Amino acid sequence: MPELIPLYSIKVKCCNCEHEFTTSRVRPSLKKAVRRDADFCSYYKAENPDYYVVRVCPECGFASTENSAEQLSEQQRKAFTAQVGRRWKPHSFGLERNWETALETYKLALICAQSINDKDRIIASLLHHIAWLYRYRGETEQEQRFLSYSLDAYIRVYERDGINGNDARLMYLIGELHRRTGQLADAVKWFSRLINDQKIVDAAMIRAAREQWAVLREQMRGEEGLDSNGMNSAT
């Protein structure tokens, strides 16, 4: 049996200039992750589907995801052109991508989203994915930088949309990113809120929060006895 080609092409209509172009996706049958971090960063044996999340129009350079708006307003178009589009030199990201090109597409999508004042949830997700890309390479300083940015954006989402709801996944992510960026007291607060809120019925997220609470306890035990300067108080 011939080996299955991992990529296939789909047609996309640009929400800015309405140019139709093709972009690649990873076949659903090959999207099974070999492992996944607690903040949902996935690892794959072969082609990484996350490399192909961003669709980039080769004509105007507008980069988006399937969760982005289907059409831009005239004001958004003008803002994009002024901040990004006028510097774009037509080229395609439609074929196979490596780590470098994937990072380039995510950063372009982030700039585009910021230029049109897109939803905080989309911006938070893009920032989070960029952090994952740096994690794949072991570039911890850059990973931490973008985790902090994405955490701030997720908090804005919660403050705007989640206070009167029970978005358990969002609350869990806020707790986990606090933990990953070393803000352990805030992580405790968010995990506790998720676990103890009787209105939340998302069993998977409650279970995940309990598991990370256990991880968090171990982290906090490791910091016991340290003073504010990081020195052991017993010495």
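# Spaces, domains and salt bridges: worked exercises

About 40 Å³ of space lies in the largest cavity. The model is predicted. The exercises below start from this cavity and move outward.

## Exercise 1: The cavity

Task: Find how many cavities of 30 Å³ or more the structure holds, and state which elements line the largest one.

Solution.

Step 1. Count the cavities. The structure holds one cavity of 30 Å³ or more.

Step 2. List its lining. Among the lining residues of the largest cavity are Phe-62, Ala-63, Ser-64, Cys-112, Asp-118 and Leu-126.

Step 3. Assign them to elements. β6 (63–64), α2 (99–115) and α3 each give two or more residues to the lining of the largest cavity. The most come from α2, which gives three residues.

Step 4. Sort by class. The lining of the largest cavity has eight nonpolar residues, three polar and one charged.

A general point helps here. Rolling a probe the size of a water molecule over the atoms shows where empty space is left.

## Exercise 2: The largest pocket

Task: Describe the lining of the largest pocket, and explain where this pocket lies relative to domain 1 and domain 2.

Solution.

Step 1. Take the volume. The largest pocket has a volume of about 680 Å³.

Step 2. Look at the lining. It comprises 27 residues. Nearest the centre of the largest pocket lie Val-53, Asn-67, Ser-125, His-129 and Arg-169.

Step 3. Add the elements. β2 (20–26), α3 (120–136) and α5 (168–180) are the elements that give two or more residues to this lining. Here α3 gives the most, with seven residues.

Step 4. Sort by class. The lining of the largest pocket counts 12 nonpolar, five polar and 10 charged residues.

Step 5. Place the pocket. Domain 1 (7–162) and domain 2 (164–226) both give residues to the lining of the largest pocket, so the pocket lies between them.

## Exercise 3: The second largest pocket

Task: State the volume of the second largest pocket and the make-up of its lining.

Solution.

Step 1. The second largest pocket holds about 190 Å³ of space.

Step 2. Its lining has 11 residues. Ser-29, Leu-30, Lys-32, Lys-45 and Ala-46 lie nearest its centre.

Step 3. By class, seven residues of this lining are nonpolar, one is polar and three are charged.

## Exercise 4: The two domains

Task: Work out how domain 1 and domain 2 meet, from their centres to the area buried between them.

Solution.

Step 1. Set the bounds. The protein chain is divided into domain 1 (7–162) and domain 2 (164–226).

Step 2. Take the separation. The C-alpha centres of the two domains lie 27 Å apart.

Step 3. Count the contacts. 17 residues of domain 1 are in contact with 20 residues of domain 2.

Step 4. Take the area. About 1,600 Å² is buried between domain 1 and domain 2, and carbon and sulfur atoms give 69% of this. Phe-40, Leu-151 and Tyr-158 supply 38% of the area that domain 1 buries against domain 2, more than any other three residues.

Step 5. Add the charged pairs. Two salt bridges are counted between domain 1 and domain 2.

## Exercise 5: Salt bridges

Task: Give the number of salt bridges in the structure, and explain how far apart along helix α5 Glu-176 and Arg-179 sit.

Solution.

Step 1. Recall the general idea. Side chains of opposite charge can pair when their charged atoms come close.

Step 2. Count. The structure holds 15 salt bridges.

Step 3. Take one pair. Asp-167 and Arg-121 form a salt bridge through their side chains, at 3.0 Å from N to O.

Step 4. Take a pair within a helix. The side chains of Glu-176 and Arg-179 meet in a salt bridge at 2.8 Å, N to O. Because they are three residues apart in helix α5, Glu-176 and Arg-179 are separated by about one helical turn.

## Exercise 6: The whole chain

Task: State how many helices and strands the protein chain has, and in what pattern they follow.

Solution.

Step 1. There are seven helices and six strands.

Step 2. Along the sequence the pattern reads β-β-β-β-β-β-α-α-α-α-α-α-α.

Step 3. The C-alpha atoms fill a box of roughly 65 × 50 × 40 Å along the principal axes.

How values were computed
Residues are numbered from 1 along each chain as its sequence is written. This is a predicted model: local features need pLDDT of at least 70, side-chain atom pairs count only at pLDDT 80 or more; totals for chains, interfaces and linings use all residues. Side-chain values use heavy atoms; hydrogens and water are left out. On a 1 Å grid over the protein atoms alone, a cavity is a set of points where a 1.4 Å probe fits but cannot get out, and a pocket is an open set with protein on both sides within 12 Å along at least five of seven lines; lining residues have an atom within 4 Å of a point. Grid points are joined across faces, edges and corners, and a volume is the space filled by probe spheres set on the points. Helices (H or I, at least four residues) and strands (E, at least two) are DSSP runs, numbered from the N terminus. Ala, Val, Leu, Ile, Met, Phe, Trp, Tyr, Cys and Pro count as nonpolar, Asp, Glu, Lys and Arg as charged, and the others, Gly among them, as polar. Domain bounds come from an automatic or database domain assignment. Contact means heavy atoms within 4.5 Å. Buried area is the accessible area (1.4 Å probe) that two parts lose on being put together, summed over both. A salt bridge is a side-chain nitrogen of Lys or Arg within 4 Å of a carboxyl oxygen of Asp or Glu.
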